[in-house]
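Colleague: Could you pick one part of this model and take me through it closely, together with whatever surrounds it? I would rather have one connected account than a list.

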Amino acid sequence: MPLYPFYCKKCDKTFEVFLRPSEANQEMTCPYCQGDDVERLSDKEQDDLTPGVCGVKEDT
Ligand SMILES: [Zn+2]
């Protein structure tokens with residue numbers, strides 16, 4: 001199962017969740033603050049690069 005990185009705007013934390021691709025677009029809840037102000041980060045190139053997300057770059 002792919003690991004999807006998420007970012008919580010509320011507590012300014014990133015976290016990763018194992019999700020099926022079909023579940024990846026559903027509403028996520030932050031495991032730290034239980035808030036739903038959560039943004040999914042880009043998951044492209046995750047398979048061949050970075051096994052662990054240390055420095056998450058903002059893609060703006
Ligand atoms: Zn949070």
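**A close look at β1 and its surroundings**

Modeller: Happy to, and let me start at a single pairing: Cys-8 stands opposite Val-38 in β3. Please keep in mind throughout that this is a predicted model. Cys-8 also has a counterpart in β2, where Lys-13 stands opposite Cys-8. That makes Cys-8 a handy way into β1, the strand that I suggest we follow.

First, the setting. The chain holds three strands and zero helices, and reading along the sequence gives the pattern β-β-β. In the sheet, though, the order is β2-β1-β3, with antiparallel pairing throughout this open, three-stranded arrangement. β2 and β3 take the edge positions and have a single partner strand each, so one side of each has no neighbour in the sheet. From one strand to the next, the twist averages 35°. As general background, the strands of a sheet pair through backbone hydrogen bonds, in either a parallel or an antiparallel way.

Now to the two partners of β1. β1 and β2 run antiparallel and are joined by six bridges. Tyr-4, for example, has Val-17 of β2 as its bridge partner, and Pro-5 has Glu-16, also in β2. With β3 the pairing is again antiparallel, and here the number of bridges is three. β1 spans residues 3-8, while β3 covers 38-40.

Which side chains of β1 are buried, and which are not? Tyr-4, Phe-6 and Cys-8 point to one face and are buried, whereas Leu-3, Pro-5 and Tyr-7 point to the other face and are not. This is the pattern expected in general, because side chains in a regular strand alternate between the two faces of the sheet. The two residues with bridge partners named above fall on opposite faces: Tyr-4 belongs to the buried set and Pro-5 to the other.

The buried face of β1 leads straight to the largest nonpolar core, which has five residues: Tyr-4, Phe-6, Cys-8, Met-28 and Val-38. β1 supplies three of them, the largest share from any element. Val-38, the residue opposite Cys-8, thus reappears here as a member of the core. For scale, 8% of the 60 residues in the chain count as buried. As for how the chain folds back on itself, 44% of the contacts with a separation of 6 or more are between residues 24 or more positions apart.

Next, let us walk out of the end of β1. β1 and β2 form a hairpin with four residues between them. Asp-12 sits in this loop and has a positive phi of about 60° although it is not a glycine. Asp-12 has 9 other C-beta atoms within 10 Å, so it counts as exposed. Just beyond the turn comes Lys-13, in strand β2. Lys-13 is partly exposed, because 14 other C-beta atoms lie within 10 Å. Neighbours within four places in sequence aside, Lys-13 is in contact with Cys-8 and Tyr-32. The C-alpha atoms of Lys-13 and Tyr-32 are 8.2 Å apart, although 19 residues separate the two in sequence.

The other connection, between β2 and β3, brings us back to β1 as well. Ala-24 is placed in that loop, and among residues outside its neighbours within four places in sequence, Ala-24 is in contact with Tyr-4 and Leu-19. Tyr-4, you may recall, is one of the buried residues of β1. Ala-24 itself is partly exposed, with 13 other C-beta atoms within 10 Å. Between Ala-24 and Arg-40, 16 residues apart along the chain, the C-alpha atoms are separated by 8.6 Å. Further along, the loop between β2 and β3 also holds Gln-34, where phi is near 65°, a positive value in a residue other than glycine. Gln-34 is exposed, as 10 other C-beta atoms lie within 10 Å.

To draw this together, β1 lies between β2 and β3 in the strand order. One face of β1 carries Tyr-4, Phe-6 and Cys-8, and these three sit in the core alongside Met-28 and Val-38.

Conventions: Residues are numbered from 1 along each chain as its sequence is written. This is a predicted model: local features need pLDDT of at least 70, side-chain atom pairs count only at pLDDT 80 or more; totals for chains, interfaces and linings use all residues. A residue is buried if 20 or more other C-beta atoms lie within 10 Å of its own, exposed if 12 or fewer, and partly exposed in between; C-beta atoms are placed from the backbone. A nonpolar core is a set of buried Ala, Val, Leu, Ile, Met, Phe, Trp, Tyr and Cys residues joined through C-beta atoms within 7 Å. Two strands pair if DSSP finds at least two bridges between them. Axes are lines fitted to C-alpha atoms, for helices over the stretch in contact, and angles run from 0 to 180 degrees between N-to-C directions. Two residues are in contact if their C-beta atoms, placed from the backbone, lie within 7 Å.
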